[in-house]
Amino acid sequence: MEGTDFDPTTEEGQININDEEYESLLPDDNVDGWSLFDKLRRKYGSRARDAMRSLRDKFKSKNPHEPVPEYLQMEDLHLTDAKTEMLREVIDNVRQRYPNANLALLEFGVGDKGQIQVRYAGREKWYNFYQRTDSTLLNNGLSKEITTALGNPNLTMLSVLSEMETTRLRGNILRIIKTPSVKASIESMNTLLNKQQENLQQLETAEEEKSKELEELPLSSSAAADLASDLRNVKAEKEALLKEMQESRVTIDDLTRQLEEAAGELNDIVNHLDNTREENQALQERIKELEDELMKQSRLTVESRAAEIADFKARLSKLLEEKSAARNQLKAALNKVAGKDAELQRLGKELTDSVDRERQVMADKAVAEEQIRQLQQAVEDLEGQLERQQEIVADQTRPEEEREAAQKEVETLQERVAELRTQKDKLEKELGLTTKEKVASFRVTFLASLRSEECP
């Protein structure tokens, strides 16, 4: 019989829980009312509410001097159902927007005005979770403990409600706000009013017929007296029926007003969902703008690095061209004096070799400087990565596996940074000392040769 609808006013529809069932159904004080009702619904189907009332009456009869437990005080089960559905929506939303949130540290609830509230586990103070009841933006006044438990948001999910989610939420609200019972009541009252109208017509017809019969009978006859008595009963029944019809019309008007108010509230909720969807669309557009700006900045960074490399290559190429031009000019000058004597030719050759070696040293210096700059940039990039990984290691809210992986990455980065710094220091030493020594040696050798020629 589970799941079958019964009329609770009939003997078949009523549930009377006996002592044995009472002991098996009654939970301990740690069970909430909704869990108990869910258990009764699985056992009794659509008669679960009547079973709850019977269980509560049985408790009162057995414990007349004790207060009724909270799990038996569920007078507005439909309201609890709506709140439970609302909190499920909020928690699902938080899981999507904050994938690393520690929900075990947070408690969610519904305030007296229908607003979503949150508090840190073990704390007494509740905070409004959203800025407004019609907004999905977080309250800026949330405590540091709550924001830490939420963690960093997933930027790709900041739009909160997509078109599909908005449609789904609209459907949930339509299921929560139930008006079929009101409509059924109106239809029932209209049916009753129609039947009353039919009865009224029958009474009016009977009244008219009896009035005609009474006119035809002698006033002093017993039949006239009986007929007059029947006529008075018909009129009294007619007046009572008219009063009932008036009450039925008032009831129908009241039910119609309730239905119109429910429709107006539903329309307000639908408008709110439409406004929320527009806010989400604007937020998605803003996220797209930020993503485009990030791509633009990344492209500019790559282009700037490419421009620096191209500039270095251009300067190096110009230096080599100048070297080649100087060599050609020197060779041309030596050719003009080639016939003077062999010693002059030897000095010219030494001068040429000295210039070549000095040019080579300068070119090597330029290459070393670029290598040092690239090593310095690489060290700075690795240090940035190292700092981010150290922040992950220090963040106690992150999973242990993620922190261990970050610690291994920190060790690897530290070794790489040390290696690059060693290479950089070695190049700087060679550039600062060896290059100067080579240039000085070339110049001393050449000047010594000149002095030996001047002082035979």
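Aspartate 57 is partly exposed, with 46% of its relative accessible area available; here buried means under 20% relative accessible area, exposed over 50%, and partly exposed in between (1.4 Å probe, protein chains only). The model is predicted, so local features need pLDDT of at least 70 and side-chain atom pairs count only at pLDDT 80 or more, while totals for chains, interfaces and linings use all residues. Residues are numbered from 1 along each chain as its sequence is written, and side-chain values use heavy atoms, with hydrogens and water left out.

Aspartate 57 belongs to helix H3, which covers residues 48-62. Helices (H or I, at least four residues) and strands (E, at least two) are DSSP runs, numbered from the N terminus. Between the C-alpha atoms of aspartate 57 and asparagine 16 the separation is 9.5 Å, and these two residues are 41 residues apart along the chain.

**Salt bridges**

Side chains of opposite charge can pair when their charged atoms come close. A salt bridge is defined as a side-chain nitrogen of Lys or Arg within 4 Å of a carboxyl oxygen of Asp or Glu. The structure contains 16 salt bridges, including those in the table.

| Acidic residue | Basic residue | N to O distance |
|---|---|---|
| Glutamate 208 | Lysine 212 | 3.8 Å |
| Aspartate 254 | Arginine 257 | 2.4 Å |
| Aspartate 311 | Arginine 315 | 3.3 Å |

Glutamate 208 and lysine 212 both lie in helix H7, residues 180-216, where four residues, about one turn of the helix, set them apart. Glutamate 208 is partly exposed, at 48% relative accessibility.

The other two tabulated pairs are found in helix H8. This helix spans residues 222-336, and within it aspartate 254 and arginine 257 are three residues apart, about one turn of the helix. Both partners are partly exposed: aspartate 254 has a relative accessible area of 30%, and arginine 257 has a relative accessibility of 38%.

Aspartate 311 is partly exposed at 42% relative accessibility, and arginine 315 is also partly exposed, its relative accessible area being 49%. Along helix H8, aspartate 311 and arginine 315 are four residues apart, about one turn of the helix. Elsewhere, Glu204, Glu207 and Lys238 are joined into one network by salt bridges that share partners.
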